[in-house]
Amino acid sequence: MEKRSRWAWIWPLIVGAVLRLVGLGAQDLWYDEAFTAWLARLPWADLLQATAGDVHPPLWYGVAKLAVCFLGNNAWALRLPAALCSIGALAMVPGLAAALGLDRRAGRAATWIMALSPFQIWYAQEGRMYALLLLAVQAGALGTLKKRPWLSALAGAVALYTHNIGALYVLILAALQLPDLVRAGRQNRAGRQNRADLLAYGFVLVLYAPWAVIAAGQAGAVAGSFWVQRPTVGAIPLTLHDLFWGTVPPARLGVFVVFLSGLAAIGGVWAGVQGRRWRLLWLAFAPLLLTWAISQFKPVLIARLMIGCTPFLCLLLGHAWVSHRRARWLAGAAVPLLAVVLVGYWANPEAQKGDVDRFVAPVQAQYQPGDAVLHTCIPSYVLLSHYAPDLDHYLWRQANDLSQSLTDRTKRAMHMQETTIEELLIDHDRVWVYYSDSPVTSAAEIAENERIRAAYGAGWDRSWSVTLEETDLIESGVYLVEGKR
């Protein structure tokens with residue numbers, strides 16, 4: 001019986017590991033990953049300078065640099081650390097269930113949910129810091145719940161150096177200590193364990209102090225420039241939906257999936273309240289609700305930043321599944337739907353992170369020696385510099401500190417070549433211009449493209465252009481400017 005129970009824990013871990021590792025390097029890098037790959041190629045001093053001017057701490061970029069150095073400069077190597085972090089986070093779910101006093105069956109159910117979640121698989125296969133943030137939050141919760149101050153301190157420091165949102169998670173984990181501290185105060189005793197718990201979070205602040213000043217500068221640099229919009233109340237259920245399904249479900253199933261996600265969330269909350277699982281409810285919902293509240297003043301609510309909630313949401317659903325019969329029918333509806341979603345995820349991988357070749361091929365087919373490529377948008381500059389390094393790439397010089405979402409400090413550390421169309425035409429007969437028009441495109445970029453087209457579009461003997469992507473919200477493409485010499 002014990003052997004069978006052991007395998008009951010191992011199977012979801014095996015299945016989850018396979019889903020995270022299969023096809024790990026198959027998809028092209030998207031902009032954020034290509035940006036990480038660029039930083040990973042920099043010397044350590046430049047990497048730290050570039051990170052100091054960015055909006056994220058340096059830990060993940062250091063991890064990516066080590067991965068690229070030892071495993072090669074490719075998508076598989078860049079994403080492997082995230083996959084391993086995600087697998088490690090999956091393996092910790094049973095321990096969290098035990099620390100929260102949940103039934104073993106609830107822990108197993110939660111492990112299966114997390115193993116099969118499209119959202120988890122997505123970020124396990126993305127060369128960014130979110131899987132490491134997830135692992136750090138889980139380790140911090142385990143250390144807090146099991147009264148292991150050294151683990152709380154280490155995990156808290158990792159979370160803070162992984163993403164600035166880690167400060168919110170550390171605050172939420174520290175708040176778990178308050179009931180014990182209040183209880184000890186009422187009994188006029190300050191136990192050794194309570195002092196150790198407080199010292200652990202004090203030690204976290206000491207470890208973070210070297211970067212805290214830089215983080216404050218980062219926050220000031222991006223003030224008023226972040227692309228996220230102020231969320232409405234409806235953003236809360238939609239974020240909960242994304243934390244399980246991501247953006248993977250087929251469009252035809254969209255309404256049904258959102259409805260099912262809402263019912264599951266209600267069932268989980270109801271089961272948590274009925275069972276007085278206050279710590280579990282706090283860990284599952286406090287990060288999302290606090291981030292939503294903060295976003296009314298400074299919008300920062302993005303589903304991927306709430307990845308630290310997901311293991312506790314899975315545990316809440318697992319608890320509802322094993323403890324309340326009325327909640328079990330949700331699993332009956334979710335299982336076939338999840339199968340359809342996962343098949344769609346693997347059957348159409350190019351629809352996930354993008355197909356860079358369609359952006360590169362039109363120019364490579366007609367590129368001539370002596371041509372130059374000018375990018376008025378930062379994503380195409382970073383992506384094509386990675387996938388087509390043989391082309392002569394330049395970034396349009398925009399005169400403000402947070403030009404095109406990167407500060408001047410970061411661009412200098414990355415050794416980006418900045419110029420204008422006029423400067424390029426002095427030494428080049430032909431210049432290929434990449435542009436993008438989307439809700440996050442700055443007015444200055446749009447104006448620059450209009451200016452180039454108005455000044456040069458009708459004056460040359462020959463013109464050529466192609467629209468690479470066009471939807472209701474996004475238009476991107478490339479056009480050719482030919483000079484007369």
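Modeller: A definition first: a polar contact is a pair of N or O atoms within 3.5 Å; within protein, one must be able to donate a hydrogen and the other to accept it, and residues adjacent in sequence count only if both atoms are side-chain atoms. The model is predicted: local features need pLDDT of at least 70, side-chain atom pairs count only at pLDDT 80 or more, and totals for chains, interfaces and linings use all residues. Residues are numbered from 1 along each chain as its sequence is written, and side-chain values use heavy atoms, without hydrogens or water.

Colleague: What is the length of the polar contact between the side chains of N449 and Y479?

Modeller: N449 sits in helix α24, residues 443-456 (helices are DSSP runs of H or I, at least four residues; strands are runs of E, at least two; both are numbered from the N terminus). Beyond four places in sequence, N449 is in contact (heavy atoms within 4.5 Å) with T376, V433, Y435 and Y479. The polar contact between the N449 and Y479 side chains is 3.0 Å.

Colleague: Is N449 buried or exposed?

Modeller: Buried means under 20% relative accessible area, exposed over 50%, and partly exposed in between (1.4 Å probe, protein chains only). The relative accessible area of N449 is 5%, so N449 counts as buried.

Colleague: How far apart are the C-alpha atoms of N449 and Y435?

Modeller: Y435 is one of the contacts of N449. The two residues are 14 apart along the chain, and their C-alpha atoms are separated by 7.1 Å.

Colleague: What distance should helix α5 span, given its residues?

Modeller: Helix α5 covers residues 75-91, which makes 17 residues at 1.5 Å each. The expected span is 1.5 Å times one less than the number of residues. The end C-alpha atoms agree with that figure, because both the expected and the modelled span are 24 Å.

Colleague: Where does α5 bend?

Modeller: The bend at a residue is the angle between axes fitted to the seven residues ending there and the seven starting there. For α5 the angle is about 30°, and the place is P81.

Colleague: Which residue caps the N-terminal end of α5?

Modeller: Most of this helix is covered, with 13 of its 17 residues buried. At its N-terminal end, a side-chain oxygen lies 3.2 Å from the backbone nitrogen of W76, and that oxygen belongs to N74.

Colleague: Which residue meets R79 in a salt bridge?

Modeller: A salt bridge is a side-chain nitrogen of Lys or Arg within 4 Å of a carboxyl oxygen of Asp or Glu. R79 is buried, because its relative accessible area is 1%. The pair joins helix α5 to helix α2 (residues 31-40), so it ties together parts that are 46 residues apart in sequence. At 2.8 Å, N to O, the partner of R79 is E33.

Colleague: How many salt bridges does the rule give?

Modeller: R451 and E422 form one of them, at 2.9 Å, N to O. R451 is in helix α24 and E422 in helix α23 (residues 421-427), 29 residues apart. R451 counts as partly exposed because its relative accessibility is 34%, and E422 does so at 30%. The count comes to 9.

Colleague: Which residue is linked with D371 and R430 in a network of salt bridges?

Modeller: D371 and R430 are themselves paired, their closest N and O atoms being 2.9 Å apart. D371 lies in the loop between α20 (357-364) and β1 (372-375), and R430 in strand β4 (residues 430-437), so the pair ties together parts 59 residues apart in sequence. Both D371 and R430 are buried. The residue linked with them in the network is E482.

Colleague: How many residues form the largest nonpolar core?

Modeller: A nonpolar core is a set of buried Ala, Val, Leu, Ile, Met, Phe, Trp, Tyr and Cys residues joined through side-chain atoms within 4.5 Å. M306, F312, L315, M414 and M416 touch the most other members. The largest share, 11 residues, comes from helix α9, residues 130-145. The number of residues in this core is 116.

Colleague: What is phi of K147 near?

Modeller: K147 lies in the loop between α9 and α10 (149-162). At 25% relative accessibility, K147 counts as partly exposed. Its phi is positive, in a residue other than glycine, and is near 60°.
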